[in-house]
Amino acid sequence: MAKSEGKLRLRELGNTGLKLSCVGFGASPLGNVFGHVSEQDAIASVRRAFQLGINFFDTSPYYGGTLSETMLGKALEALGVERNEFIVSTKCGRYADGFDFSAERVTKSIDESLARLRLDYVDILQCHDIEFGNLDQIISETIPALQKLKEVGKIRHIGITGLPLEVFTYVLDRVPPGSVDVILSYCHYSINDTTLEDLLPYLKSKGVGVISASPLAMGLLTENGPPEWHPASPELKSACKDAAAHCKEKGKNISKLAMQYSLSNREISSVLVGMNSVRQVEENVAAAVELAIFGNDVGILRDVEAILEPVKNQTWPSGIQKS
């Protein structure tokens with residue numbers, strides 16, 4: 001399919017053979033996680049994303065207690081395009097009622113997800129937030145169960161997700177090469193935290209594709225600031241607030257700057273951003289297209305990096321994220 005001018009660039013995902021749009025559509029907001037989204041708005045957002053070249057859509061049965069998957073399924077069906085024109089990832093192991101990485105549960109989980117998504121297969125099935133499970137169970141039981149699902153064609157590729165970066169190396173060092181195709185990391189490749197960068201050569205050596213989520217650091221890098229429950233330290237919140245105010249004073253938007261910063265590392269196949277409106281979709285795509293043409297806004301980026309330097313790479317403990 002010929003790409004028209006202004007569409008998003010595609011990037012290869014590890015050894016999967018998949019080519020993901022550099023901006024990915026995070027569908028958690030379709031599960032009303034951040035406020036009510038009508039079915040009409042959900043369908044319009046996904047349609048606009050697809051029109052503008054977003055081909056990667058990510059969800060989980062955990063988001064909105066299965067509502068995100070259901071809404072995304074309706075929206076993808078409404079596109080009326082061939083299945084191979086879009087890439088879908090969902091997750092297993094984390095649900096509204098808690099965590100369960102047993103082979104039995106994840107095997108049942110994919111059938112439930114496929115029914116909600118109205119699909120015959122997903123391109124990627126990821127173990128969701130593995131730090132809350134038993135990593136040895138993930139290695140010896142969950143991943144082998146997912147490999148069986150791969151063999152029968154319900155999933156194409158296997159992934160793992162989590163906040164602490166050390167969970168990725170722990171698992172990848174202990175599973176047979178090629179067992180895990182992709183990792184999804186969040187909040188570790190944005191202006192305030194680039195610790196994922198140190199892991200990229202290791203992941204490349206393992207043939208593992210990299211998806212990075214939450215370039216706005218769960219709301220830290222926005223004009224409105226993070227939600228009340230955000231686990232960052234007061235110092236980090238304060239520095240990000242100062243950085244946002246500085247951007248605004250200079251006529252710039254910190255969220256756009258943060259998005260472009262995350263997109264500028266081509267070793268990361270796709271930057272996942274939660275979206276729930278046509279406006280959000282258009283803003284994110286415009287930021288990516290502008291980056292491709294003009295590059296980063298170096299002047300304001302230097303200012304923001306200087307403001308955030310005292311809190312650089314200051315992470316927070318993994319916790320149950322409130323919705």
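The following questions and answers go through a predicted model, from its barrel of strands to some single residues.

Biologist: In which order do the 8 strands close into a barrel?
Modeller: Strands of a sheet pair through backbone hydrogen bonds, either parallel or antiparallel. In this model the pairing is parallel, and the twist averages 30° from one strand to the next. The 8 strands close into a barrel in the order E3-E4-E5-E8-E9-E10-E11-E12.

Biologist: Which strand of the sheet makes about 160° with the direction of helix H6?
Modeller: Helix H6, residues 196-205, packs on the sheet and touches both strand E10, residues 182-186, and strand E11. The angle of about 160° is the one between the direction of H6 and that of E11.

Biologist: How many bridges join strand E11 to E12?
Modeller: Strand E11, which covers residues 209-213, runs parallel to E12, and one place where the two can be followed is Ile-211, which stands opposite Ser-270 in E12. E11 also pairs with E10, again in the parallel sense, over 5 bridges. Between E11 and E12, the number of bridges is 3.

Biologist: Which residue of E11 is the bridge partner of Ser-185?
Modeller: E10 and E11 pair in the parallel sense, and Ser-185 has its bridge partner in E11. That partner is Ser-212.

Biologist: Why is E11 said to be largely enclosed by the rest of the structure?
Modeller: A residue counts as buried when its relative accessible area is under 20%. On one side of E11, Gly-209, Ile-211 and Ala-213 are buried, and on the other side Val-210 and Ser-212 are buried, so that both faces are covered. E11 is therefore largely enclosed because the number of its residues that are buried is 5 of the 5.

Biologist: How many of the residues of strand E12 are buried?
Modeller: Strand E12 spans residues 270-274 and is mostly covered. It pairs with strand E3, residues 23-26, in the parallel sense over 4 bridges, and Val-23 stands opposite Val-271 in E12. Of the 5 residues in E12, the number buried is 4.

Biologist: Is Asn-284 buried or exposed?
Modeller: Asn-284 is found in helix H9, and, not counting residues up to four places away in sequence, it touches Val-23, Met-259, Val-273 and Met-275. Its relative accessible area is 13%, and the cut-off for this class is under 20%. Asn-284 is therefore buried.

Biologist: Is Ile-293 buried or exposed?
Modeller: Ile-293 lies in helix H9, which covers residues 278-294. The C-alpha atoms of Ile-293 and Tyr-189, which are 104 residues apart along the chain, are separated by 22 Å. Because its relative accessibility is 55%, and the cut-off for this class is over 50%, Ile-293 counts as exposed.

Biologist: Why is H7 described as roughly antiparallel to H10?
Modeller: The axes of helix H7, residues 234-249, and helix H10, residues 298-308, come within 9 Å. Angles over 145 degrees count as roughly antiparallel, so H7 is roughly antiparallel to H10 because their axes cross at roughly 160°.

Biologist: How many residues of the contact of H7 with H10 are nonpolar?
Modeller: H7 passes H10 in a right-handed crossing. The contact is made by Ala-239, Cys-240, Asp-242, Ala-243, His-246 and Cys-247 of H7, together with Ile-300, Asp-303, Val-304, Ile-307 and Leu-308 of H10. Among these residues 1 is polar and 2 are charged, while the number that are nonpolar is 8.

Biologist: Which residues is Thr-107 in contact with, leaving aside its neighbours within four places in sequence?
Modeller: Thr-107 is found in helix H3, residues 103-117, and is partly exposed, with a relative accessible area of 32%. Its C-alpha atom is separated by 8.9 Å from that of Cys-92, 15 residues apart along the chain. The residues in contact with Thr-107 are Ala-145 and Leu-149.

Biologist: What is the phi of Met-218, a residue other than glycine?
Modeller: Met-218 is found in the loop between E11 and H7, and at 14% relative accessibility it counts as buried. Its phi has a positive value, and that value is near 55°.

Definitions and conventions:
Residues numbered from 1 in each chain as written. Predicted model: local features only at pLDDT ≥ 70, side-chain atom pairs only at ≥ 80, totals over all residues. Heavy atoms only, no water. Buried < 20%, exposed > 50% of the residue type's maximum accessible area, 1.4 Å probe, protein only. Pairing = 2+ DSSP bridges. Axes fitted to C-alpha atoms, helices over the stretch in contact; angles between N-to-C directions. Parallel < 35°, antiparallel > 145°, perpendicular 65-115°, else oblique. Left-handed = near helix turned anticlockwise from the far one by under 90°. Contact = heavy atoms within 4.5 Å. Nonpolar A, V, L, I, M, F, W, Y, C, P; charged D, E, K, R; others polar.
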